[in-house]
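Let's walk through some charged side-chain pairs together. A few short questions and answers follow below.

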Amino acid sequence: MEPRFACTACGKCCHGLLPLTLTDAVAHAVRFPLALVWTVVRSNAKSYDLATRLGTSVRLPNRKTVAVLIQPSAYLPNHFPCPALQPDNLCGIHSDKPSRCRTMPFYPYREEKDQADLLVPRKGWECDVSAEAPVVYRNHAILDRTNFDRERAELLEQAPVMRTYADYVLKYMPWIVNDLAKMAAAPAGGKLVTSLSSFLTATRRTDARELAAAQAPLMQAMAERTRTDPALADLHKNYAGWAKEMERLAQRP
């Protein structure tokens, strides 16, 4: 049976961490609190070769090499809705929404031939996969690939920047290699989060002050929203610390 899929606007996928292309992260810096999320891809994974093209390769202390994806992301707790999600579960920035949202449910960090299982709705999601929904995938190929190709192209274009950032972090924060090794050894993997300020410092962007000025109030607001929830203590610590970093960076001459 050919996979079918249609969005029902249930809003369930519009919560929590949202990977962005660098272009989208910059464009939406006034909307999303931003961080860099590192994900290890082991050498035996289907997407390993692609991950080395979109990310970087890191040699671990045990001499094994892993691919590491570094995704600019809207850094939100899992149960927090996207700031652009309206009460009716529709997107408030539909005509301007990020590539990641347009490409859903497909995922350009995977090879196109490995997308079929992404068309099975996650528990609690209300995606339409009935016989009435349109066929969207056939013979291991995406039928309408416009958004997929655009997001993939943006990821390939930004890859050299992400490698520059990775080199900077591994040079000045070498302990991160040990964290990556732990993630590689863990059955469930894991994610490592670094700050936008470290990215701005490493890449020497000319718009760093403007981005920091946009981020400071968002980080302050998220610090306040997470202040009293013990389950969000780690996120609160990051938001509060990064708010100060953004304020300092925004005031640099």
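Q: Is R145 buried, exposed or partly exposed?
A: This is a predicted model, and in it R145 has a relative accessibility of 30%. Buried would need under 20% and exposed over 50%. That value lies in between, so R145 counts as partly exposed.

Q: Which residues are joined with R145 into one network by salt bridges that share partners?
A: R145 meets the side chain of D149 in a salt bridge, at 2.7 Å from N to O. R145 also forms a salt bridge with E112, where the closest N and O atoms are 2.5 Å apart. The salt bridges share partners, and the residues joined with R145 into one network are E112 and D149.

Q: How many residues apart in sequence are the parts that E112 and R145 tie together?
A: E112 sits in the loop between α3 (99-103) and β5, while R145 belongs to the loop between β6 (141-142) and α4 (146-172). The pair therefore ties together parts whose separation in sequence is 33 residues.

Q: Does E112 count as buried or exposed?
A: The cut-off for buried is under 20% relative accessible area. E112 has 18% relative accessibility, so it counts as buried.

Q: Where in the structure does the salt-bridge partner of R138 lie?
A: R138 forms a salt bridge with E2, with 2.4 Å between the closest N and O atoms. R138 itself lies in strand β5 (residues 137-138), so the pair ties together parts 136 residues apart in sequence. The partner, E2, lies in the segment before β1 (18-19).

Terms used: Residues are numbered from 1 along each chain as its sequence is written. This is a predicted model: local features need pLDDT of at least 70, side-chain atom pairs count only at pLDDT 80 or more; totals for chains, interfaces and linings use all residues. Side-chain values use heavy atoms; hydrogens and water are left out. A salt bridge is a side-chain nitrogen of Lys or Arg within 4 Å of a carboxyl oxygen of Asp or Glu. Helices (H or I, at least four residues) and strands (E, at least two) are DSSP runs, numbered from the N terminus. Buried means under 20% relative accessible area, exposed over 50%, partly exposed in between (1.4 Å probe, protein chains only).
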